[in-house]
Amino acid sequence: MPTKILLLLLIICFLEGCSSERRKYISDREIKEIIINPEKTEDYLDISEVLSDSIDIIPLEVTENCLISDIKKLEFYKNRIFISDRINAKIFVFDSEGNFLRAIGKQGRGPGEYSYMGDFSFKGDSVIIQDLSRKKYIVYDLYSSGYREILYDLYHLEVVVFDSIAYFISNYEQSKYGAFNLAKFDLDKSEIVSLGIPFDKGGLDKSGYGLKRYASKCGDDAMLIYPLNDTVYSVNRDEVFPSYVIRFTSRNLPDNLDIDRDALYGYVHKNNYLKGLEYMQNSHDYLLGYYADNYYFRYCIYNKSESDIRVGNRLIVKSLGGIWIHEFCIMNNNDFVFFQYADILSSNWNYVRDKSDNIRYKKELDSIISNMNEDSNPVVFKCHFKNARR
């Protein structure tokens, strides 16, 4: 056999072997189904059952330089609380006791300013803040007044950061790079490394429909969801892959849905359809989220180790008398955090106070609420997840 033909056959065999390994690598990943029966829900889900007994209650200090109007995102980082306020267009920083320290960033068009604040995250000893209008990130040093800027050219709504690697999360938006919902970006080199999660052009008509949050990072892993997509993706520094498929047993949107984004909400409610999760957060052992069902939220807790999901009409903290919560998030260190605005907390607590049998929490909340008024900043509650049974 001529040498060239033999070499060609060897190359083909090698490539087939690589391709087989690649297919095997993907197919060996278990994609679990999360099945939700929308006709079977509990009256309430008690989040206390999966949390440690200790709850830190943190009233955020109010000063003339810090009046929080609308929390867009809350993060704990290095014993500090970072809160982005979409109305004030600032990130407010508090210590772990809720004392106001300073504001980071400023809206404007000058050096070190952002014209329209988007998402924020952390890289080492810096906080990075997105300027949606001018397509850049401003990297502010946490311990000095220094900053630098990182330019990008791919529109996106949210970012997940692993040291120098960032994932830009889009929402069915066409770009010069094509129809992709995810971009891996090198923050040090200011360049796109790779693109992922492609979508067909039919998705463009739904791009106006968004979620409260698209991603949730816990430790070295993150979870990612998209509107009108039943797939949950796992994301780490090196790769992205599907982990879960969410299915409703009934009232799903039709596969051949031909409704533009402006008519989608009305169509869903008129026909009593379900359109997937609105929000999801990722802990080491649980997924927590909610979906909308005929103008009401339904809350979900999925136990990863037991592949079990529970759905309830309300999410409560029984150790706080059954106080109802909606605004919650999971921190990178596996803490569960929820917050309540002053007026909501006051009415909420008055409703459940007599049901609380925890003397410490009752005294603490009584004291906090007695000192609050309509201008008070929100109160943050922080606790840690128990380890799930393995």
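This report describes the overall dimensions of a predicted protein model and then three of its loop residues.

**Overall architecture**

The protein chain contains four helices and 28 strands. Along the principal axes, its C-alpha atoms occupy a box of roughly 90 × 55 × 45 Å. For 390 residues, a compact globule would be expected to have a radius of gyration near 21 Å, and the 23 Å of the protein chain agrees with that expectation. Of the 390 residues, 51% are buried. Among the contacts in the protein chain with a separation of 6 or more, 52% join residues 24 or more positions apart. The accessible surface of the protein chain amounts to about 19,600 Å², and carbon and sulfur atoms contribute 49% of that area.

**Two residues with positive phi**

Tyrosine 172 and asparagine 272 are treated together here. Tyrosine 172 is not a glycine, yet its phi is positive, at about 55°. The residue is placed in the loop that runs between strand E13 (165-169) and strand E14 (180-186). Asparagine 272, likewise a residue other than glycine, has a positive phi near 60°. Its loop lies between helix H2 (261-271) and strand E20 (277-282).

The relative accessibility of each residue is given in the table.

| Residue | Relative accessibility | Class |
|---|---|---|
| Tyrosine 172 | 10% | buried |
| Asparagine 272 | 31% | partly exposed |

Tyrosine 172 counts as buried because its 10% relative accessibility falls under the 20% limit. Asparagine 272, at 31%, is partly exposed because that value lies between the 20% and 50% limits.

**A buried lysine without a salt bridge**

Lysine 304 belongs to the loop between strand E22 (296-303) and strand E23 (308-312). The residue is buried but has no salt bridge. Aspartate 285 provides the nearest side chain of opposite charge, at a distance of 7.0 Å. Since a salt bridge requires a separation within 4 Å, the 7.0 Å to aspartate 285 does not qualify.

A polar atom of the lysine 304 side chain does lie 2.7 Å from the backbone oxygen of serine 283. With neighbours within four places in sequence left aside, the residues in contact with lysine 304 include Asn282, Ser283, His284, Asp285, Tyr286 and Leu287. Lys32, Met223 and Tyr244 are also in contact with lysine 304. Serine 283 thus appears both as a contact of lysine 304 and as the residue whose backbone oxygen lies 2.7 Å from a polar atom of the lysine side chain.

How values were computed. Residues numbered from 1 in each chain as written. Predicted model: local features only at pLDDT ≥ 70, side-chain atom pairs only at ≥ 80, totals over all residues. Heavy atoms only, no water. Buried < 20%, exposed > 50% of the residue type's maximum accessible area, 1.4 Å probe, protein only. Lys, Arg positive; Asp, Glu negative; His and termini not counted. Polar contact = N/O pair within 3.5 Å; in protein donor to acceptor, adjacent residues only side chain to side chain. Contact = heavy atoms within 4.5 Å. Rg over C-alpha atoms; globule rule 2.2 N^0.38 Å. Areas by Shrake-Rupley, 256 points an atom, 1.4 Å probe, with all protein chains shown as cover.
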